[in-house]
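Got your viewer open? Let's take a short walk through this structure, one selection at a time.

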Amino acid sequence: LIRPLGEVISSYTQLQTGLGALARVQEVLALDPEHDDVPERPGRSPVVLRVPSAADPVPLLELDGVGFGYPDGTPVLSGVSFAVPAGSRVALVGPSGAGKSTVLALVEGFYPLSAGAVRWAGTDTRELPRAALRARMGYVEQEAPVLAGTVRQNLQLATPDATDEQLWAALADVGLTGVVERSPLGLDVPVGDDGVLLSGGERQRLAIARSLLSRPALLLLDEPTASLDARNEGLLRDTLAAAAADRALLVVAHRLSTVLDSDRIVVLDAGRVVASGTHHELVDTSPLYRELATAQLLV
Ligand code: ATP
């Protein structure tokens with residue numbers, strides 16, 4: 001009886017996982033129809049969005065008085081305003097539940113705003129085809145998905161034509177060359193039980209490498225909440241520095257240590273921006289930031 005019973009339990013677990021995924025699909029399908037996308041114009045080549053230069057007074061991305069509540073009605077963000085100038089590194093920090101990940105979801109256009117606007121190079125993103133916007137942005141989630149398959153397949157998901165040289169360069173940017181070099185299969189080493197077993201930190205760095213291959217002008221990154229060991233934390237910090245070389249970065253940070261050298265740190269509390277500045281400015285001016293920094297032994 002034991003074996004069939006085990007199979008029943010395993011099928012039940014799979015069914016529950018499937019139902020969870022179905023509920024999320026239904027949530028997306030139930031979105032407001034007004035949230036419809038701007039169509040690309042037939043017969044015209046796809047819209048390519050402008051990327052301002054660092055000297056341009058118009059920021060690459062701007063949130064202006066953004067308000068939002070999830071479909072279940074609870075208000076989550078209110079009057080959120082901040083800018084990400086081209087080429088800059090901006091971090092969002094704050095207590096759990098403050099609304100940090102929600103900000104990234106709104107920038108990606110997953111939900112309609114209830115107030116304010118998100119602008120790309122000065123244009124309201126509601127006036128832009130979402131595909132054009134996403135072509136300029138990379139989004140790496142907290143639980144970065146890594147596919148069963150090889151390192152190459154994972155990297156080439158969005159850029160199937162990327163050359164081996166480009167794949168190795170992307171791996172070097174995220175500090176993963178060593179992991180792949182150790183296998184005689186090189187880029188064709190499988191990920192998972194049969195090949196390189198990637199840790200949480202390494203999975204996210206592989207997802208960042210995949211995203212960098214599309215050369216986004218803005219990389220949105222939701223740092224993993226799960227604890228990273230000191231080595232992986234250091235590697236993530238180095239990865240962010242490499243990723244910021246020729247693009248803007250908006251990072252949701254759970255560890256202040258990974259974003260101390262950001263150009264600007266925006267502090268969110270209960271859905272509002274309560275302070276913003278550099279680490280040193282905030283340690284002097286924001287009691288909440290000082291509290292977060294003290295709890296993480298940074299001051
Ligand atoms: P953490 O640091 O724990 O990741 P956060 O600052 O990123 O938190 P969010 O994940 O943006 O916070 O969540 C903000 C609020 O919105 C929370 O109260 C959360 O419960 C709620 N929330 C998040 N996602 C959803 C959703 N899909 N549906 C309904 N409420 C949600």
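On this tour, a residue counts as near a molecule if its C-beta atom, placed from the backbone, lies within 6 Å of it. One thing to keep in mind: you're looking at a predicted model.

**Stop 1: around the ligand.** Select the ligand and the 13 residues around it; Tyr 70, Ser 96, Lys 100, Ser 101 and Thr 102 come nearest. Now colour that shell by class: you should get 3 nonpolar, 8 polar and 2 charged residues. Which helix gives the most to the shell? It's helix 2, residues 100-107, with 3 residues.

**Stop 2: helix 8.** Next, select residues 230-243, which make up helix 8. How far apart are its end C-alpha atoms? They're 20 Å apart, and that agrees with the 20 Å expected for 14 residues at 1.5 Å a residue.

Now pick out Leu 236, Thr 239, Leu 240 and Ala 243, which are buried. These residues cover an arc of only 100° around the axis, so they sit on the same side of helix 8. Swing round to the other side and you'll find Ala 230 and Arg 231, both exposed.

What do the buried residues of helix 8 pack against? Show helix 5 (164-173), helix 7 (200-212), strand 9 (218-222) and strand 10 (248-252) to see their partners.

**Stop 3: a loop.** Finally, click on Ser 199, in the loop between strand 8 (190-191) and helix 7. Ser 199 is partly exposed because 15 other C-beta atoms lie within 10 Å, and a residue needs 20 or more to be buried. Add Asn 232: its C-alpha atom is 9.2 Å from that of Ser 199, though the two are 33 residues apart along the chain.

Technical notes
Residues numbered from 1 in each chain as written. Predicted model: local features only at pLDDT ≥ 70, side-chain atom pairs only at ≥ 80, totals over all residues. Helix = DSSP H or I, 4+ residues; strand = E, 2+ residues; numbered from the N terminus. Expected span 1.5 Å × (residues − 1). Buried ≥ 20, exposed ≤ 12 C-beta atoms within 10 Å, placed from the backbone. Arc of directions from axis to C-beta. Contact = placed C-beta atoms within 7 Å. Nonpolar A, V, L, I, M, F, W, Y, C, P; charged D, E, K, R; others polar.
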